[in-house]
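Take a look at the model below. We will start at one point in the chain and work outwards from there.

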Amino acid sequence: MNESIKNDAQSEIVQKILGAVGLAARARKCLTGTEICVDYMRAGKGKLLVIASDISDNTKKKLVKTALFHKIPYAEPRIDKGSLAKAVGKKSDAAAVLI
């Protein structure tokens, strides 16, 4: 029973994150794509980086290192690339979203 409650809570958190990302996308306050996110973080822009859970280790390493170096918080929720892309209104996969 505790496992069921835990899964429900995680699902609710994921839905809230996707909703916030979608809202930021509709307000045109987010960027998608690994290289664009890295470029903007290097320029000192961005408040939060959301990373998809199913990206390659090299891509994740690049995004996390850049975020840490530039002191930009990041989140790695259990959200796949397709769901993240759908939340921002993209048809292809989105490995990262910078808000």
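**From a glycine to the whole fold**

Begin at Gly44. This residue sits just after α2 and takes a positive phi of about 80°. Keep in mind that the model is a predicted one.

Now step back into the helix itself. Helix α2 spans residues 34-42. Which of its residues are buried? They are Thr34, Cys37, Val38 and Met41. These residues cover an arc of only 100° around the axis, so they lie on the same side of α2. The spacing follows a general rule. An α-helix has 3.6 residues a turn, so residues three or four places apart point the same way.

What does this buried side pack against? Two of the partners are strands β1 (31-32) and β2 (49-51). Helix α3 (57-69) is another partner, and so is strand β4 (96-98). The buried residues of α2 thus meet elements that come before and after the helix along the chain.

Go forward again, past Gly44. Gly46 lies in the loop that links α2 to β2. Is Gly46 buried or exposed? Its relative accessibility is 27%, and the cut-offs are under 20% for buried and over 50% for exposed, so Gly46 counts as partly exposed.

Gly46 also has partners from elsewhere in the chain. Setting aside neighbours within four places in sequence, Gly46 is in contact with Ile72, Leu98 and Ile99. Leu98 belongs to β4 (96-98), one of the elements that the buried residues of α2 pack against. Look also at Cys30, which is 16 residues from Gly46 along the chain. The C-alpha atoms of these two residues are 8.4 Å apart.

Next, widen the view to the whole protein. There are 4 helices and 4 strands. Read from the N terminus, they run α-β-α-β-α-β-α-β. Of the contacts between residues at least 6 apart in sequence, 77% join residues at least 24 apart.

How does the overall size fit? For 99 residues, a compact globule would have a radius of gyration near 13 Å; the protein has 14 Å, which agrees. Along the principal axes, the C-alpha atoms fill a box of roughly 45 × 25 × 20 Å.

Finish with the surface and the charges. Buried residues make up 32% of the 99. The accessible surface is about 6,500 Å², and 53% of this area belongs to carbon and sulfur atoms. The protein carries 18 positive and 10 negative side chains. The centres of the two sets are 9 Å apart.

Note on methods
Residues numbered from 1 in each chain as written. Predicted model: local features only at pLDDT ≥ 70, side-chain atom pairs only at ≥ 80, totals over all residues. Heavy atoms only, no water. Rg over C-alpha atoms; globule rule 2.2 N^0.38 Å. Buried < 20%, exposed > 50% of the residue type's maximum accessible area, 1.4 Å probe, protein only. Contact = heavy atoms within 4.5 Å. Areas by Shrake-Rupley, 256 points an atom, 1.4 Å probe, with all protein chains shown as cover. Lys, Arg positive; Asp, Glu negative; His and termini not counted. Charge placed at Lys NZ, Arg CZ, Asp CG, Glu CD. Arc of directions from axis to C-beta.
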